[in-house]
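Me: I would like to go through this model with you, beginning with its interior. Could you take my questions one at a time?

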Amino acid sequence: MLLHKTKQNKTKHMSEIVPPEVRPKPVVPAKPSHVAPHSSGPFVPSPQGTGGEGRGSALLGYIGIDTIIEQMRKKTMKTGFDFNIMVVGQSGLGKSTLVNTLFKSQVSRRTTSWSRDEKIPKTVEIKSVSHVIEEGGVKMKLTVIDTPGFGDQINNENCWEPISKYINEQYEKFLKEEVNIARKKRIPDTRVHCCLYFISPTGHSLRQLDIEFMKHLSRVVNIIPVIAKSDTLTLDEKTEFKQRVRKELEACGIECYPQKEFDEDMEDKSDNDKIREAMPFAVVGSDKEYQVNGKRVLGRKTAWGVVEVENPNHCEFSLLRDFMIRSHLQDLKEVTHNIHYETYRAKRLNDNGGLKSLSPSLALLTLVSEFALDNPFQL
């Protein structure tokens with residue numbers, strides 16, 4: 001009987017024990033609703049005891065990590081952007097017209113033609129024109145590199161060498177500025193970020209010159225193939241020609257931008273697969289406007305109607321523009337810097353122990369200094 005009462009008292013005593021308080025993990029305070037999303041002014045806390053203590057503590061609790069996007073936006077808008085595009089192809093394919101249509105301005109001058117009295121140029125002549133385009137407060141320095149004379153000769157052997165030399169010269173300029181001890185805060189970027197290669201709308205297959213050019217240049221620059229003046233092909237001819245070009249590029253081991261090995265995640269792979277299936281883009285360029293159904297549209301007027309440049313049912317110009325400018329412009333620059341330029345830089349620094357302009361010991365000292373700045377805890 002006594003043992004039974006003792007057990008009851010012990011059970012009652014254990015049931016009265018309060019479990020220890022479980023404290024929740026600290027979380028980042030939520031952004032107050034009365035705080036402006038992009039407030040750039042300094043924060044002044046409310047004085048104590050004036051009724052604004054709750055507001056002041058709420059503001060002090062908010063960290064504001066999301067404002068880093070606004071900080072980056074303001075800084076990049078001050079510095080602006082550089083984008084360098086090269087156009088390659090035979091004369092008469094509308095290279096300058098297409099670039100003007102892409103940016104809706106006269107950014108590319110027409111290729112200077114020669115008369116019968118003048119001598120035909122023997123080599124590829126490379127010309128560059130730079131313009132500053134501003135839209136919505138964002139400034140971009142656009143440089144168009146034209147290559148008149150490519151593929152226009154009877155003997156076009158190794159006619160891509162001047163173009164390859166020009167691309168490597170721009171890498172060399174950037175590298176020399178980069179390895180200087182007292183280098184500029186912002187190195188001028190003249191590297192070619194994108195190369196539009198214009199394919200003649202024959203409807204049959206690629207020329208051997210097209211294959212050799214893309215085979216040699218796809219390793220050093222981002223190449224985007226386009227079928228020029230695609231309105232000269234019927235719908236069936238255009239579809240068959242695109243499929244034939246893709247098969248020839250795959251058979252020759254030529255990978256155009258965007259390359260499969262540079263897909264970072266499944267989302268990028270899904271988007272880039274759609275782009276790769278649409279290549280080469282069958283485009284039409286025009287800088288003239290016509291009245292169609294009460295609207296002014298860019299197009300080419302023919303005997304049976306107007307070919308609308310920005311109509312996806314007529315050509316793939318809008319797809320090319322969205323791909324190059326709206327979705328992949330920054331990626332084109334990053335692939336140029338992180339892949340093509342880094343490949344050239346590693347090869348250049350390995351050859352002859354460094355740059356000719358610097359002694360090997362000075363070049364090594366420069367590299368060690370840069371490594372120490374980037375990795376202070378690994379030395």
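**Cores, helices and one loop residue**

Reply: The largest nonpolar core has 38 residues, and those with the most contacts inside it are Met86, Phe150, Ile167, Phe213, Met214 and Ile223. A nonpolar core is a set of buried Ala, Val, Leu, Ile, Met, Phe, Trp, Tyr and Cys residues joined through side-chain atoms within 4.5 Å; buried means under 20% relative accessible area, exposed over 50%, and partly exposed in between (1.4 Å probe, protein chains only).

Me: Which elements give two or more residues to this core?

Reply: They are strands E1 (81-88), E4 (194-199) and E5 (223-227), with helices H5 (161-179), H6 (208-217), H7 (235-251) and H10 (329-350). H5 gives the most, seven residues. Helices (H or I, at least four residues) and strands (E, at least two) are DSSP runs, numbered from the N terminus.

Me: What is the basis of these values?

Reply: This is a predicted model: local features need pLDDT of at least 70, side-chain atom pairs count only at pLDDT 80 or more, and totals for chains, interfaces and linings use all residues. Residues are numbered from 1 along each chain as its sequence is written, and side-chain values use heavy atoms, with hydrogens and water left out.

Me: What is isoleucine 223 in contact with, leaving aside neighbours within four places in sequence?

Reply: Its partners are Cys195, Tyr197, Phe213, Met214, Leu217, Ser218, Cys256 and Tyr257, where contact means heavy atoms within 4.5 Å. A second, separate core of 36 residues includes Phe83, Phe103, Val307 and Val309.

Me: On to packing: at what angle do H5 and H10 pack?

Reply: The angle is about 80 degrees, with the axes 10 Å apart. Axes are lines fitted to C-alpha atoms, for helices over the stretch in contact, and angles run from 0 to 180 degrees between N-to-C directions. H5 is therefore roughly perpendicular to H10 (under 35 degrees counts as roughly parallel, over 145 as roughly antiparallel, 65 to 115 as roughly perpendicular and the rest as oblique).

Me: Which residues meet there?

Reply: Those of H5 include Asn168, Tyr171 and Phe174, and those of H10 include His337, Tyr341 and Arg345.

Me: New topic: where does lysine 260 lie, and is it buried or exposed?

Reply: Lysine 260 is in the loop between H7 and helix H8 (266-278). It counts as exposed because its relative accessibility is 57%. Leaving aside neighbours within four places in sequence, lysine 260 is in contact with Glu255 and Arg276. The C-alpha atoms of lysine 260 and arginine 276 are separated by 9.2 Å, although the two are 16 residues apart along the chain.
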